Amino acid sequence: MQKTLNDLFLEQLKDIYFAEKQIYKTLPKMAKAAKISQLKEAFTTHREQTQGHIARLEEVFETIGRGPQAKTCEAIKGIISEGEETIDDFGESEVLDAGLVAAGQAVEHYEMARYGALIAWAKQMNMPDAAALLNETLQEEIKADQLLTQIGASNDNKKAA
Ligand code: FE
Ligand code: FE
Ligand code: ZN
């Protein structure tokens, strides 16, 4: 039987559910590794938000009458491994924070791509409640990404001074 947009939506919902859970597990490592307090705080705050993202996805599963289910996301596993590599390779370096900002942004951009698509599909399938829930999370991912950009820039300025 030919698969539908609904199948695609469900696949990607399971993918981002897996990803959010991995991110939730990884953020404490990033916070611990960060040298400047602003970056530590950003990762810690985003971890609290990520708990909310997981809960919202569970609500989205509910709107489609399903229990939450995760499907391995190879992409987020790769992005997280690269971040861990940065911590291992640059742990002693003054550019570690710059590397952590970039690693965090790779995560946020992946999430933004996934949520953007899910929202578009939810709207196409006339699922406004799911679209609204997913959009609340997307807005938090966008803000987290912007904050990382700011921290990266102010960190550069400090070094230049
Ligand atoms: Fe998230
Ligand atoms: Fe994925
Ligand atoms: Zn995020």
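**Close-up 1. How helices H2 and H4 cross in this predicted model.** Where H2 and H4 meet, their crossing is left-handed. The two helices pack at an angle of about 20°, and their axes are 12 Å apart. With angles under 35 degrees counting as roughly parallel, H2 and H4 are therefore roughly parallel to each other. Keep this pair in mind, since both helices turn up again in the metal views.

**Close-up 2. Helix H2 from end to end, residues 37–63.** Count along H2 and you get 27 residues. From the first C-alpha of H2 to the last is 39 Å, close to the 39 Å expected at 1.5 Å a residue. Which residues of H2 are buried? They are Leu39, Ala42, Phe43, His46, Thr50, His53, Ile54, Arg56, Leu57, Val60 and Phe61. Two of these, His46 and His53, are worth remembering for the metal views. Past the end of H2 comes glycine 65, with a positive phi near 70°.

**Close-up 3. Helix H1 against helix H2.** H1 covers residues 5–33, and its axis comes within 9 Å of the axis of H2. The two cross at roughly 155°, and H1 and H2 are therefore roughly antiparallel to each other. Is this crossing left-handed or right-handed? For H1 and H2 the crossing is left-handed. The residues in the contact of H1 with H2 sort into 16 nonpolar, 5 polar and 7 charged.

**Close-up 4. The iron ion (ligand 1) and its donors.** Zoom in on the iron ion and you'll find Glu20, His53, Glu111 and Glu141 coordinating it. Glu20 is listed with OE twice, His53 gives ND1, and Glu111 and Glu141 each give OE. The coordinating atoms sit at 1.9 to 2.4 Å. Along the chain, the donor residues of the iron ion follow the spacing E-x32-H-x57-E-x29-E. Histidine 53 belongs to helix H2 and glutamate 111 to helix H4, so this pair ties together parts that are 58 residues apart in sequence. How exposed is histidine 53 to the outside? Histidine 53 has 0% relative accessibility, so it counts as buried. Glutamate 111 also counts as buried, because its relative accessibility is 0%.

**Close-up 5. The zinc ion (ligand 3) and its donors.** Here the coordinating residues are His46, Glu108, Glu111 and Glu141. His46 uses NE2, Glu108 is listed with OE twice, and Glu111 and Glu141 each use OE. These atoms lie at 1.9 to 2.7 Å. The spacing of the zinc donors along the chain reads H-x61-E-x2-E-x29-E. Histidine 46 in helix H2 and glutamate 111 in helix H4 link distant parts of the chain, 65 residues apart. Both histidine 46 and glutamate 111 are buried.

**Close-up 6. Glutamate 111 as a bridge.** What does glutamate 111 bridge? Its partners are the zinc ion (ligand 3) and the iron ion (ligand 1). The two ions lie 3.2 Å apart.

**Close-up 7. Helix H4, residues 96–124.** H4 has 29 residues and reaches 42 Å from its first C-alpha to its last, close to the 42 Å expected at 1.5 Å a residue. Glycine 99 is found in this helix. Is glycine 99 buried or exposed? Its relative accessibility is 18%, and buried means under 20%, so glycine 99 counts as buried. Between glycine 99 and isoleucine 119, 20 residues apart along the chain, the C-alpha atoms are separated by 30 Å.

**Close-up 8. Asparagine 126, just after H4.** Where does asparagine 126 sit? You'll find it in the loop between H4 and helix H5 (128–160). Asparagine 126 has a positive phi of about 60°, although it is not a glycine. With a relative accessible area of 65%, asparagine 126 is exposed. The C-alpha of asparagine 126 and that of lysine 143 are separated by 27 Å, and these residues are 17 apart along the chain.

Technical notes. Residues numbered from 1 in each chain as written. Chains lettered and ligands numbered in written order. Predicted model: local features only at pLDDT ≥ 70, side-chain atom pairs only at ≥ 80, totals over all residues. Heavy atoms only, no water. Axes fitted to C-alpha atoms, helices over the stretch in contact; angles between N-to-C directions. Helix = DSSP H or I, 4+ residues; strand = E, 2+ residues; numbered from the N terminus. Parallel < 35°, antiparallel > 145°, perpendicular 65-115°, else oblique. Left-handed = near helix turned anticlockwise from the far one by under 90°. Nonpolar A, V, L, I, M, F, W, Y, C, P; charged D, E, K, R; others polar. Expected span 1.5 Å × (residues − 1). Donors = N, O, S within 2.8 Å, 3.2 Å for Na, K, Ca; no water. Buried < 20%, exposed > 50% of the residue type's maximum accessible area, 1.4 Å probe, protein only.
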